[in-house]
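Work through the exercises below with the sequence and the 3D structure in view, and try each task before reading the solution that follows it.

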Amino acid sequence: MRQSEYFIPTLKELASETQIPSHQMLLRAGMVRQIGAGIFSFLPLGYKVVKKIMEILREEIDGIGGQEFLLPALNPIEIWEQTNRVEAMGDVMFHIKNRDGLVLAPTHEEIITVHARQHVKSYRDMPQIWYQIQTKFRNEPRPKSGILRGRQFIMKDSYSLDSSFEALDISYDKHFEAYKRIFDRCGLEYFIVGASSGAMGGRQSQEFMVESDAGEDVCAVCDCGYAANTEVATSDVGTVGRAFEGEAMEEFATPNAKTINDLKEQFELPEDRLAKSVVYMIDSKPVLILMRGNDELNEAKLESVFGTNNLRPADTDELPEITGANAGSIGPVNLKTKIQIVADNRLLDAGGMVSGANKDGFHFKNIDFKRDCKIDAYHDLRSVVPGEKCSKCGEPLRVVKAIELGHIFKLGTKYSEALGATFLNSEGKENPIVMGSYGIGVERVLACFIEHNYDDNGIVWNKALSPYHVHLIGLNIQKFENLKEGCEKIYNELSALGFEVLYDDRNESPGVKFNDADLLGLPLQLVVGKKSFENGNVELKNRATGERDIVPVEELVAKVQEYFAD
RNA sequence: CGGGGUGUGGCGCAGUCCGGUAGCGUACCUGGUUUGGGACCAGGUGGUCGGAGGUUCAAAUCCUCUCGCCCCGACCA
């Protein structure tokens, strides 16, 4: 491709509002432009990389037996009502205003299930892996971070159809391995975490994450290989155990103690002896939640325990009606109304605890959870804190921000049951199809790669994702006919051998060309300039290392072939 | 949805507090000189200052409403 004819609007300056490196690089390198909040156009160079990513996705999903579909973004709302996801999606789903009954699909389990219902009627028809690479629409409340969170984005989504849960395990494992190959080929440093399946439903899910400050997920990771989204992460913190065995529960005045820290300071109490109470409205019913000391309640874990995302902290004016006290004096004993009480595992069968007396300004001490109150259930409800011991190996955990690149789910039969997608098994018995779903955000692959591969001068592509293989840079070719001829010859030779060559034949000064070349970041730059070319040489620069080789023209092709050999 | 910020030639910004000829850099056009790390000189094109309404002799500037965008939070497959 001749750069003089190619639309690559590189930028010297950026609006100060662009924050994250991948966004800045994509704009500066003329790869994307923004149209609205969370809405982007890919320009030719950016789309070239997108296509490279999509090609890798196709090869690997085809490789596990995937068959590529192209499903409609416009969906009848009925099928979403049948799976109860119109409500579950809420505002995230775009609704069409001037045509009743249509929505823009934020994902495609429903459509896939409809096709399965139509045609997959026997266990002999399975397994199937169906996939597509297609645009998703999600009305994100707050798009952000450039292309990382958009209202419209490209997703590779695949779906497996199986006749049993054992067979689903196989389809799931195939995707797990394919995903590893995909991200390896893209040159991404990622880790895999167990995750909450959230509104998708289902039994098991794992996320493929890339560590990045631009990320929105938080994960606990350990050098031993343990990694989990904090939605489900656990650590080895033990239980607070029992103290003051046999001593009677006793009320005491705590007029100025509203928080755990107040209690710690004013009464010199260790955190292990303090139980914090939080009241949540879960499916509109109040539930008292007990946490040890300042341990943070993790709402994702709470959602998963109660199997609903319809929960919120109780309002301050609801608290006295429910408990008899205001925030700061609430506890599990003497509650004004009888409500469900759940406690974090760390408080299991705890004794000698201090907690609110449900009377403003008073607490109880020596509360025995076995003797003085009824804890309905113990669950892991707390958020992991950095430095806590890994529950696998005991080493300190790190807690890092990460970008979710891909997510794989064992859906089970949620969708097939809701939509009546059944098959006959070998005994002639009707069963719901067992499904899995597997997604990769294409823009996120792009952004994650750049987040980890750039420097002050621009992007540093690898061979797999680089929009072109080599950047041929002709200096002053308008002035020196022999340089131009040399460039044309190299351009034609390399192109004929199948290399994708970006040829900078523009009438620009050398400085402009060098800067643009570093900004675009193709792995190999071939510089044809007067000095070296008159001695029969071309300069070959490695973008990643900055190394420069002076290579005789006749050896150039071999050198390039060698570089791209593996 | 709550909080903060912002909107001025294609792009990046100043000017707004304190009303009075719309400015700088860059890009672009013409001519000339230059050419290994974002060249120089000279001349030139281009903006109803996000939109609507109001105050005023006079509004980018003051007031009211409104829209867009960015950041933090809430939310999030």
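**Exercise 1: where two domains meet**

Across the interface of domain 1 and domain 3, the rule finds two salt bridges, a salt bridge being a side-chain nitrogen of Lys or Arg within 4 Å of a carboxyl oxygen of Asp or Glu. The model is a predicted one, in which local features need pLDDT of at least 70 and side-chain atom pairs count only at pLDDT 80 or more, while totals for chains, interfaces and linings use all residues. Residues are numbered from 1 along each chain as its sequence is written, chains are lettered from A and ligands numbered from 1 in the order in which they are written, and side-chain values use heavy atoms, with hydrogens and water left out.

Task: describe the interface of domain 1 and domain 3.

Solution. Begin with the bounds, which come from an automatic or database domain assignment: in chain A, domain 1 covers 3–188 + 413–450, domain 2 covers 250–379 and domain 3 covers 468–563. The C-alpha centres of domain 1 and domain 3 are 38 Å apart.

Next, look at the contacts, where contact means heavy atoms within 4.5 Å: 11 residues of domain 1 touch 12 residues of domain 3. About 1,000 Å² is buried between domain 1 and domain 3, and carbon and sulfur atoms give 55% of this area; buried area is the accessible area (1.4 Å probe) that two parts lose on being put together, summed over both.

Then turn to the polar side of the interface, where eight residue pairs of domain 1 and domain 3 are in polar contact, both residues at pLDDT 80 or more. A polar contact is a pair of N or O atoms within 3.5 Å; within protein, one must be able to donate a hydrogen and the other to accept it, and residues adjacent in sequence count only if both atoms are side-chain atoms. On the side of domain 1 that touches domain 3, the largest share, three residues, comes from helix H2 (residues 44–63).

**Exercise 2: a sheet of three strands**

Task: in which order do the strands E14, E19 and E20 lie in their open sheet, and which of them stand at the edges?

Solution. Helices (H or I, at least four residues) and strands (E, at least two) are DSSP runs numbered from the N terminus, and two strands pair if DSSP finds at least two bridges between them. The order is E14-E20-E19, with antiparallel pairing. Strand E14 (250–253) and strand E19 (353–356) stand at the edges with a single partner strand each, so one side of each has no neighbour in the sheet.

Now follow the pairings one by one. Four bridges join E14 to E20, and Ala-253 stands opposite Phe-362 in E20. Three bridges join E19 to strand E20 (residues 362–367); here Ser-355 faces Phe-364, and Met-353 faces Ile-367. Finally, E19 and E20 form a hairpin with five residues between them, and Asn-358 in the turn has a positive phi of about 55°.

**Exercise 3: a salt bridge between two helices**

Task: which parts of the chain does the salt bridge of Arg-85 and Glu-110 tie together?

Solution. The side chains of Arg-85 and Glu-110 meet at 2.7 Å, N to O. Arg-85 belongs to helix H4 (residues 85–89) and Glu-110 to helix H5 (residues 109–119), so the pair links parts that are 25 residues apart in sequence. By the same rule, the count comes to 41 salt bridges.

**Exercise 4: unusual backbone values**

Task: where are Pro-127 and Glu-268 found, and what is the form of the peptide bond from Met-126 to Pro-127?

Solution. Most residues other than glycine have a negative phi, and most peptide bonds are trans. The bond from Met-126 to Pro-127 is cis, with omega near 5°, and Pro-127 is in the loop between H5 and strand E7 (128–137). Glu-268 has a positive phi, near 50°, and is found in the loop between helix H7 (260–267) and strand E15 (275–282).
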